[in-house]
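User: Hey, can you walk me through this one? I'm new to reading structures, so plain words please.

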Amino acid sequence: MGSVTKTTIIQGLHDLGLHTGCRVLAHSSLSSFGHVEGGADMVIDALLDVVGHSGTILVPTLTGSEALSASNPPLFDPENTPCWTGRIPETFRQRPDAIRSLHPTHSVAAIGADARRLTSMHQDSITPCDALSPYGLLATMPDSYILLLGVGHNSNTTFHHVEEIVGVDYHMQPGLVRAEIHTGDETLIRHIMLHAYGTPRNFGVMEAVYTERDIQYMTKIGEATVRLVVAQAMVEVTTQCLQADHRILCAQDA
Ligand SMILES: CC(C)(COP(=O)(O)OP(=O)(O)OC[C@H]1O[C@@H](n2cnc3c(N)ncnc32)[C@H](O)[C@@H]1OP(=O)(O)O)[C@@H](O)C(=O)NCCC(=O)NCCS
């Protein structure tokens, strides 16, 4: 297969139903496409072109890890702390017009009309994906989507928002941890909860439900399998299922 071009990506995103003015949180694997002409920057340009100036693109710029705890608390500098969520978000967050939310472990970078609105309250989130976080806020706004570019639902951070709504017992470390956020001007101190690691998830278990409810659409772009889910409906449906069975998102042997 030849190189994937900007036109190919834009066409694929339009085929999924994305359009001017919508809001899209994109999780990604650059290599999943096959060779992309122009690399990460070209994928970002394609995403921004599809939603236009009235729309918003968001990417997860996560920095938390299993190593964090009360004795090894997070130190976060939005300018300089790299994310571990891939080349596309790492490139995106460094664009001059990107706004990165000030969360010590689960920050999100955004460009577009609602970028500030979606990111500005994250510094006050006690749990990383709560109602004030971009994940939570996006799910309250119509015409908002989660896009999985060559990755599956295990990369879909919005599932953690649902786990926080339902309050499952395996998701958070007990107690609050003192975290520091170093901006250029000041150091913010926040007392936050950290993810508990060690419970493997199988978020893909929800795909059949999303397809049946007609809230997930799929296509191929280059070699990548691409999924689009309606954010608000995904959170509503998944919350209902998780309330009915608190272990439904856990891998079977967890
Ligand atoms: C971990 C993860 C990012 C790895 O994906 P990946 O495709 O291997 O890596 P990236 O997206 O960072 O892209 C970089 C890779 O793309 C490839 N690449 C480089 N230029 C490229 C181009 N022009 N076209 C296509 N691929 C290219 C290279 O293999 C490069 O790897 P290298 O830096 O080791 O050389 C991905 O599997 C993933 O999990 N993404 C989702 C993360 C997320 O949102 N998590 C939320 C958790 S709740």
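User: Let's start at the beginning of the chain. Where does Thr5 lie?

Analyst: Thr5 is in the segment before helix H1 (6–16). Helices here are DSSP runs of H or I with at least four residues, strands are runs of E with at least two, and both are numbered from the N terminus. One thing to know early: this is a predicted model, where local features need pLDDT of at least 70, side-chain atom pairs count only at pLDDT 80 or more, and totals for chains, interfaces and linings use all residues. Residues are numbered from 1 along each chain as its sequence is written, and side-chain values use heavy atoms, with hydrogens and water left out.

User: Is Thr5 buried, exposed or partly exposed?

Analyst: Thr5 counts as partly exposed because its relative accessibility is 24%. Buried means under 20% relative accessible area, exposed means over 50%, and partly exposed is in between, using a 1.4 Å probe and protein chains only.

User: And how many Å apart in space are Thr5 and His191?

Analyst: They are 45 Å apart, C-alpha to C-alpha, and 186 residues apart in sequence.

User: OK, zooming out. How many helices and strands are there?

Analyst: The chain has 8 helices and 10 strands. Its radius of gyration is 18 Å, close to the 18 Å that the globule rule gives for 254 residues, so the chain is as compact as a globular protein of that length. That radius is taken over C-alpha atoms, and the rule is 2.2 Å times the number of residues to the power 0.38.

User: What box do the C-alpha atoms fill?

Analyst: Roughly 50 × 45 × 30 Å, taken along the principal axes. Of the 254 residues in the chain, 57% are buried.

User: Switching to the ligand. Which residues come nearest?

Analyst: His27, Ser28, Ser29, Ser31 and Arg87 do, out of 17 residues around the ligand. A residue counts as near if one of its heavy atoms lies within 4 Å of the molecule or strand in question.

User: What kinds of residues are in that shell?

Analyst: By class, 5 are nonpolar, 11 polar and 1 charged. Ala, Val, Leu, Ile, Met, Phe, Trp, Tyr, Cys and Pro count as nonpolar, Asp, Glu, Lys and Arg as charged, and the others, Gly among them, as polar.

User: Which atoms lie close to the ligand's oxygen atoms?

Analyst: His27 has a polar side-chain atom 2.8 Å from a ligand oxygen atom, and Ser29 has one at 2.6 Å from a ligand oxygen atom. With Leu30, a backbone N or O atom lies 2.9 Å from an oxygen atom of the ligand.

User: How much of the ligand's accessible area does the protein cover?

Analyst: The protein covers 62% of the 980 Å² that the ligand has on its own. Accessible areas come from the Shrake-Rupley method with a 1.4 Å probe; for residues, only the protein chains shown count as cover.

User: New topic: how many aromatic pairs are there?

Analyst: A search of the whole structure finds 2. In one pair, Phe159 and Phe203, the ring centres are 4.3 Å apart and the planes are at 5 degrees, so the pair is stacked. Rings of Phe, Tyr and Trp (its six-membered ring) pair if their centres lie within 6.5 Å; planes under 30 degrees apart are stacked, over 60 edge-to-face and the rest tilted.

User: Where in the chain are those two Phe residues?

Analyst: Phe159 is in helix H6 (residues 158–166), while Phe203 is in the loop between strand E8 (187–192) and helix H7 (207–212). They are 44 residues apart, and the pair links distant parts of the chain. Both Phe159 and Phe203 are buried, and together with Tyr210 they form one aromatic cluster.

User: Last one: what about the loop between helix H5 (134–138) and strand E6 (144–149)?

Analyst: Pro142 lies there, and it counts as exposed because its relative accessibility is 56%. Pro142 and Cys22 are 120 residues apart in sequence and 8.5 Å apart in space, C-alpha to C-alpha. Asp143 has its place in the loop between H5 and E6 too, with a positive phi of about 60 degrees although it is not a glycine.

Note on methods. Polar contact = N/O pair within 3.5 Å; in protein donor to acceptor, adjacent residues only side chain to side chain.
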